[in-house]
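Reader: Hi! I'm in my first year and still learning to read these pictures. Could you walk me slowly through one part of this protein?

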Amino acid sequence: RTPKRELFVLGERRVSQVLNGFCLGNSGHFAVMPTVVLMDVSLSMTRPVALEGSEEFQRKNLAIHGLTMLFEHMATNYRLEFTALVAFSSLWELMVPFTRDYNTLQEALSNLEDYDKTCLESALQGVSNVVQQEWGSSCPCQVVLVTDGALGIGRGSLRHSLHTLKHRGDDKKFPLPFPFPAKLYIMCIANAEELQSSDTLENLEQLLSLNTGGGQIFTMEGPLCLKSVQSMFGKLIDQAYTPFHAVLRCGNLSSDVQVFPRPEPVVIDEEVEPIPRTILTELEIVGFIEIGDISSPPVLSRHLVLPIAVNKEVDEVGAGTTDDTEEESSANQMAGKSPNFCVLLHGSLKVEGMVALVQLGPDWYGMLYSQADSKKKSNLMMSLFEPSPEPLPWLGKISQLGPTSDAKENPYGEDDTKSPFPLQPKNKRSYAQNVTVWIKPSGLQTDVQKILRNARKLPEKTQTFYKELNRLRKAALAFGFWELLKGVAELLERECTLLPDSAHPDAAFQLSHAAQQLKLASTGDSQYATFDINITPMVTDFSGGDRDRM
């Protein structure tokens with residue numbers, strides 16, 4: 001057992017929650033980042049490439065060699081990744097739907113046939129359809145486009161698509177940017193010199209800029225050969241498919257883990273000179289807290305945490321063997337016999353109904369928790385909070401949390417019926433004050449109608465009339481909404497002309513006075529448009545000089 005001083009245990013209650021399908025965090029990315037490989041099978045990909053000391057190769061063969069290298073890497077290091085294969089020429093076809101079976105993907109590569117001309121726009125639309133049908137529009141995705149750089153001819157070519165971007169209706173929009181977060185990697189089976197001899201590279205760069213999720217164009221260096229294509233795909237692997245390994249620590253216990261998918265650098269917009277922040281490879285657990293206290297917080301992204309010794313999904317007791325071969329299953333059973341802190345942590349969090357707060361870097365925290373993906377399977381997950389010493393306001397500063405044993409009284413009560421959270425803010429928040437906000441036109445209309453209703457009941461409703469009038473005036477001045485002040489003034493003048501003969505004489509004076517003050521404020525003149533000064537009722541012979549002023 002870890003010494004008690006090493007842990008900051010924030011409570012000992014049991015939370016009776018059904019964890020099957022329970023997902024902590026109400027925003028952020030899913031813990032998967034599927035890949036779509038978009039393979040060009042047009043006739044231009046059959047152009048020959050002369051290789052020394054071997055039979056004649058086609059560009060298509062080089063592309064297949066590079067993708068085979070990518071699939072072999074993912075099968076070893078990214079086996080939890082889902083990958084789909086789409087082939088395209090003038091039409092597109094889903095060759096392999098999303099799968100973790102890389103043997104099926106490689107078999108489909110070897111059976112690709114050759115078709116007609118290149119039509120990239122329809123292929124990108126196909127990718128959009130395939131991803132949305134399987135994952136929806138919130139899951140981030142990586143699209144790997146493999147082509148020789150030939151953009152097609154005439155209608156349907158990339159040149160034609162880009163040229164007509166500004167002349168399209170809503171029903172014929174270009175598929176980029178994708179309706180889901182996506183990185184686009186363009187793998188050109190051509191060298192830079194060949195692409196620069198025409199406008200191909202310029203068009204591909206424009207295509208990449210249309211995808212707001214980022215990405216990169218990769219070209220082959222030197223002659224077109226197996227070595228060059230291996231080098232190009234190696235750069236893609238280094239950038240997009242390198243596993244993230246870290247050490248997870250809690251007091252004297254530690255475990256080597258892989259975080260999947262790889263956490264992306266985070267840029268804080270509020271900083272004057274924003275610098276991308278990356279999580280540390282030393283992840284320190286600083287304490288534990290109950291699921292009920294942390295609730296469902298906003299998160300940047302979600303990730304699977306896998307013990308490297310086991311490197312599989314975790315089931316109820318530790319290492320899972322789903323989709324394993326017989327040899328892999330035996331190896332996992334042997335690995336599972338070794339004590340592993342990551343497996344222990346996952347089981348403990350699941351049984352106790354708690355989450356672990358983990359430090360990702362300076363003033364940057366996240367949480368570890370158990371999440372079920374089926375009745376028998378659950379995973380150890382990590383969600384990343386916004387970089388901040390106080391990412392969840394209802395908990396206060398994470399660094400100031402401590403063990404319940406240090407408190408004079410049990411913050412959860414003797415009978416475990418209380419909770420110290422949420423913390424009450426010391427200062428009253430602006431949104432808790434009586435501030436006028438118009439989110440919809442109906443809200444503004446309601447406030448104007450309230451003023452008019454009180455105007456028709458003058459002088460009995462004089463105080464209420466001026467109270468509502470000043471509330472609207474302050475809001476309009478704060479927003480710079482001068483037209484509103486002028487419009488309400490005109491409404492009051494109209495109400496004055498519509499007063500019946502039986503109306504009290506004071507009503508006409510008050511309406512005219514209020515309209516005049518609003519018109520003066522609508523000019524923006526500092527003498528009349530002062531925010532802190534209220535419009536007071538006009539003193540008349542009918543109202544009396546002792547009327548209470550606002």
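Author: **Cavities, then the sheet**

Going by the rule used here, this predicted model has three cavities of 30 Å³ or more. Let's peek into the largest cavity: about 50 Å³ of space lies in there. Its lining is made up of Thr 118, Leu 120, Thr 147, Gly 149, Ala 150, Leu 151, Leu 158 and Leu 204. Sort those by class and you get five nonpolar residues, three polar ones and no charged ones.

One of the lining residues, Leu 204, takes us on to helix α6, which covers residues 200-210. Helix α6 lies across strands β8 and β9, and runs at about 155° to β9.

So much for the helix; now for the sheet. Six strands make up an open sheet, and if you trace across it the order is β6-β5-β2-β7-β8-β9, with mixed pairing. At the edges sit β6 (92-99) and β9 (215-220), each pairing on one side only. On average, neighbouring strands in this sheet are turned by 15° against each other, ignoring direction.

Zoom in on the β9 edge. Strand β8 (residues 182-191) runs parallel to β9, and five bridges join the two. Want one to find on your screen? Look for Tyr 185, whose bridge partner in β9 is Gln 216.

Now hop over to the other edge strand, β6. Here you'll find helix α2, residues 102-110, lying across β5 (83-88) and β6. Helix α2 runs at about 10° to β5.

Definitions and conventions: Residues numbered from 1 in each chain as written. Predicted model: local features only at pLDDT ≥ 70, side-chain atom pairs only at ≥ 80, totals over all residues. Heavy atoms only, no water. Pairing = 2+ DSSP bridges. Helix = DSSP H or I, 4+ residues; strand = E, 2+ residues; numbered from the N terminus. Axes fitted to C-alpha atoms, helices over the stretch in contact; angles between N-to-C directions. Contact = heavy atoms within 4.5 Å. 1 Å grid on protein atoms, 1.4 Å probe; cavity = no way out; pocket = protein on both sides within 12 Å on 5 of 7 lines; lining within 4 Å. Points joined across faces, edges and corners; volume = space filled by probe spheres on them. Nonpolar A, V, L, I, M, F, W, Y, C, P; charged D, E, K, R; others polar.
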